[in-house]
Structures are given as C-alpha cells and as structure tokens.
Amino acid sequence: MHEKDYLQIERNQLYTGLCQIAEQLDLGVVIVDPKQDYIIIHTNPAFIEMTEYSKDEIVGATLALFNGTLTNIEQEQEIFTALVNNESITKTLFHYRRDGSAFWHELKSIPIFNTTGDIEFHYITTRDISD
C-alpha cells in the first residue's frame, strides 16, 4: 500500500470519528472540507434544529447559506480567512434560519490535521445565544 492510500484511510477514519462525536453533541456542528472549496460535508441534528434547514440543504452548501441582509460580512471574511489559513477562530455571529428569522450564535472553528500535519477538515461548533 502506498502512503497516499494510508492517508486516504486515515482521512476516512478521522471523518467517521468526527461524525460520531458530532452526532452526540448538543451543540450544532458542521464539518467543512477545505479540499472541496470549504463546503459542508456533515452536520448534526442540533445544527439542523437551530437553523431549520434540512440536512440535504446544508450538506454541499457553504457557510454563506446562513447569511442575510444584516450579517456582518467583515466577520464572515475573518472566518473564511481563518479557514484558509488553517487557524482556530471564535466569533459571535448574526445569521438567519431557513424561515428568514435571525439569531445570534457563537461559532468556534477548529482545524483538524492528519498525522503528517496536512489539513483534513474544519470542525465547527455553534450554539444559539439569542436568548
């Protein structure tokens, strides 16, 4: 087996583990793939409930799906820059649910690296702080 094959197996195992953790958390979670233009490749029930989008609507989209007229675009750019630079970031954001209602939430993004130090995913948690 070649190193590339081992890295693909590691990536798949890492992804599976991250998904299992996400499914057990009360926090909203999305997993973003930097190798696929930063699309969301997984979400959990808490995030679906928070945003009111279906899993099919979320997976394959980018974080821009939740932007609206009052979303702070400068903060969105800071998040994207952190993703591109493989950095952690925490922000309080104003986003929109599927029905157009707005909510405040705290987003934390953590880069996930493989054993060779290459970026594999961004693990993003979020919690609604609107109350």
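User: Which residue stands opposite Val32 in β5?

Analyst: Start with what a strand is: strands (E, at least two residues) and helices (H or I, at least four) are DSSP runs, numbered from the N terminus. Two strands pair if DSSP finds at least two bridges between them. In this predicted model, Val32 stands opposite His122 in β5. The two strands involved, β1 and β5, pair in the antiparallel sense over five bridges. Being a prediction, the model has rules: local features need pLDDT of at least 70, side-chain atom pairs count only at pLDDT 80 or more, and totals for chains, interfaces and linings use all residues. Residues are numbered from 1 along each chain as its sequence is written, and side-chain values use heavy atoms, leaving out hydrogens and water.

User: How many bridges join β1 to β2?

Analyst: You read this pair just like the last one. Four bridges join β1 to β2, and the two run antiparallel. For one spot to look at, find Asp33 of this pair: it stands opposite Ile39 in β2. The hairpin of β1 and β2 has five residues between the strands, and there Asp37 takes a positive phi near 60°.

User: In what order do the five strands lie in the open sheet?

Analyst: Go from neighbour to neighbour in space, and don't expect the numbers to run in sequence. Here the order is β2-β1-β5-β4-β3, and the pairing is antiparallel. At the edges stand β2 (39–43) and β3, each with a single partner strand, so one side of each is left without a neighbour in the sheet. From one strand to the next, the twist averages 30°. Further along, strand β4 (residues 102–113) and strand β5 (residues 119–128) pair over nine bridges, again in the antiparallel sense. To see one of their pairs, go to Leu107, whose bridge partner in β5 is Thr126.

User: How many of the six residues of strand β1 are buried?

Analyst: We judge that by relative accessible area: under 20% is buried, over 50% is exposed, and in between is partly exposed (1.4 Å probe, protein chains only). In strand β1 (residues 28–33), six of the six residues are buried, so the strand is largely enclosed by the rest of the structure. Now check the two faces of β1: Gly28, Val30 and Val32 are buried on one side, and Val29, Ile31 and Asp33 are buried on the other.

User: What about Glu120: is it buried or exposed?

Analyst: Read the percentage against the cut-offs. Glu120 has a relative accessibility of 2%, which means it counts as buried. You will find Glu120 in strand β5. To see what surrounds this residue, list its contacts, where contact means heavy atoms within 4.5 Å. Not counting residues up to four places away in sequence, Glu120 touches Arg11, Leu14, Asp33, Pro34, Lys35, Ile112, Phe113 and Asn114.

User: Can we do another one? Which residues does Ile89 touch?

Analyst: Sure, same recipe. Leaving out residues up to four places away in sequence, Ile89 touches Glu78, Ile79, Ala82, Leu107, Lys108 and Ser109. Ile89 lies in strand β3 (residues 89–96). Its relative accessibility is 15%, so Ile89 counts as buried. You can also compare sequence with space: Ile89 and Ile124 are 35 residues apart in sequence, and 9.4 Å apart in space, C-alpha to C-alpha.

User: Which strands does helix α4 lie across?

Analyst: To describe a crossing like this, we use axes, which are lines fitted to C-alpha atoms (for helices, over the stretch in contact), with angles from 0 to 180 degrees between N-to-C directions. Helix α4 (residues 73–84) lies across β3, β4 and β5, and runs at about 135° to β3.

User: Back to the backbone. What is phi for Tyr38?

Analyst: Look at the sign, and then at the kind of residue. Tyr38 has a positive phi of about 60°, although it is not a glycine. Tyr38 is found in the loop between β1 and β2. With 16% relative accessibility, Tyr38 counts as buried.

User: And where is Glu52 found?

Analyst: Glu52 is found in the loop between α2 (45–51) and α3 (55–58). Phi of Glu52 is near 65°, a positive value in a residue other than glycine. Glu52 has a relative accessible area of 41%, so it is partly exposed.
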